[in-house]
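Please show the protein model that is to be discussed. The dialogue can then refer to it directly.

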Amino acid sequence: MKKIYLSVFAGLLSLGLVSCTTSSDYAADDRADADFDMHAPLQVPALSSFRQTDPRSLRGQYRPVQWENLPGWQDDNTENLWITLINNCRGLMRPVSGSLTIPARATPQDWQPFCADVAEFTQHNGEEPDPSMVKFFLEQHLQPWELVGRGMATGYYEPVVQGSTSQGGDYQWPMYAKPKDLLTIDLGAVYPELAGKRVRGKVEGNKVVPYDTRAQIGSNSDKPPVIAWLNDPVEAFFLQVQGSGRVQLDNGRSIRLAYADHNGRPYTSIGRWLADQGELPLAQTSMQNIKAWAQQNPHRVDEMLNVNEAMVFFREERITDSIAGPKGAYGIPLVAQRTVAVDPDYVPLGSPLYLATTYPSTNRPLEKVVVAQDTGGAIKGAARIDFFWGSGEEAGEMAGRMKQDTRVWVLWPVGMGEPNAR
């Protein structure tokens, strides 16, 4: 999530869960925050409608290869792949603003013919076409480009927690909406050399000052509005680390808390703090062990949590489709095991990829087509991937153990040259 957090990386729990964004950097496009209908007909604008914007530089080196060179390609069962590609085209076909505050995205003009063919194919074959048809379509329309260099694949997921819309009983831990006095300032609008940089704060008198810390927000009499109250402080904290989560409410409803913004304060690991305090060995600061410590030391929970000054704010989203996960940095709902976070300096958002890695803590191949729809503060470098496992405990268990070597191929429309960005 360029934002401060949101991923669980195997082996990094002790350093404090760092980050993949389930926030949308496309909020200027009002469709990014609206309910997203994954099954609506795909609309593809005319090629002439796209505004020409300056190309964005990419740091990757790309080498064309043949489909038969992709390890395990014939074994991909294409489950949920076609619906992922349909909805990725919804993102690809949005107008380009040219803003440098938005991560680099795949050039829409290169993808317009592909998406037009996707729309026509879907009309005739539906959202779940035969796997052999999907593979033939991709082989005819896309050229694999090997991203030179090996990388690492980690994983992230969407937590599922228990909550209530009212404070009471066990439900004492607030999940806040975005405060009205929070300012987000685009420094590039004032200083061009700072393009892409933002700061957050609030106005006090005639000055803009840093926004309140976690502890200050908790002690203020004028707090942000609360969307839901959770029954466990550590679950609440880790949902903030992930940046999005599903809340099973005590009235039987289920809602999604989606990333809205944050207070701009730096993230500090509570696992590292526990280790420095001599409370837990660093290698044992997992979420489960931190929860156990909190239950044994309820009088020190606030002390532990306030070590981290950062605070994430949320917005409520309806859950309208079981396949649709939280929105990633591309403004499109993530699909479990078909979407990934990338470094957009190497892989522009909206690019389909072929991923060759292994399942967590094993040598069993995990080789499949995925789509780049998210970013993350710790996702840096060529072939650096964060794999979205989905929602719930099982997905979290897989994400928490994933730290695998990986290779990546960018899949680009035939005849359009090597991958490029706007």
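The turns below treat the domains, their interface and the disulfide.

Q: Which conventions apply to this model?
A: The model is predicted, so local features need pLDDT of at least 70 and side-chain atom pairs count only at pLDDT 80 or more, while totals for chains, interfaces and linings use all residues. Residues are numbered from 1 along each chain as its sequence is written, and side-chain values use heavy atoms, with hydrogens and water left out.

Q: Into which domains is the protein divided?
A: Domain bounds come from an automatic or database domain assignment. Here domain 1 comprises 55–156 + 323–413 and domain 2 comprises 161–318; their C-alpha centres lie 30 Å apart.

Q: What area is buried between domain 1 and domain 2?
A: Buried area is the accessible area (1.4 Å probe) that two parts lose on being put together, summed over both. Between these domains about 670 Å² is buried, 48% of it from carbon and sulfur atoms. On the side of domain 1, Thr-101, Pro-326 and Lys-327 lose the most area, together 56% of what that side buries.

Q: Which side chains meet in a salt bridge?
A: The rule requires a side-chain nitrogen of Lys or Arg within 4 Å of a carboxyl oxygen of Asp or Glu. Glu-317 and Lys-327 satisfy it at 3.3 Å, N to O, and one salt bridge is found across the interface.

Q: Which cysteines form a disulfide?
A: A disulfide is a pair of cysteine sulfur atoms within 2.5 Å. Cys-89 and Cys-115 form one, with sulfur atoms 2.2 Å apart.

Q: Why is the disulfide of Cys-89 and Cys-115 left-handed?
A: The torsion about the S-S bond of Cys-89 and Cys-115 is about -90 degrees, and the disulfide is therefore left-handed.
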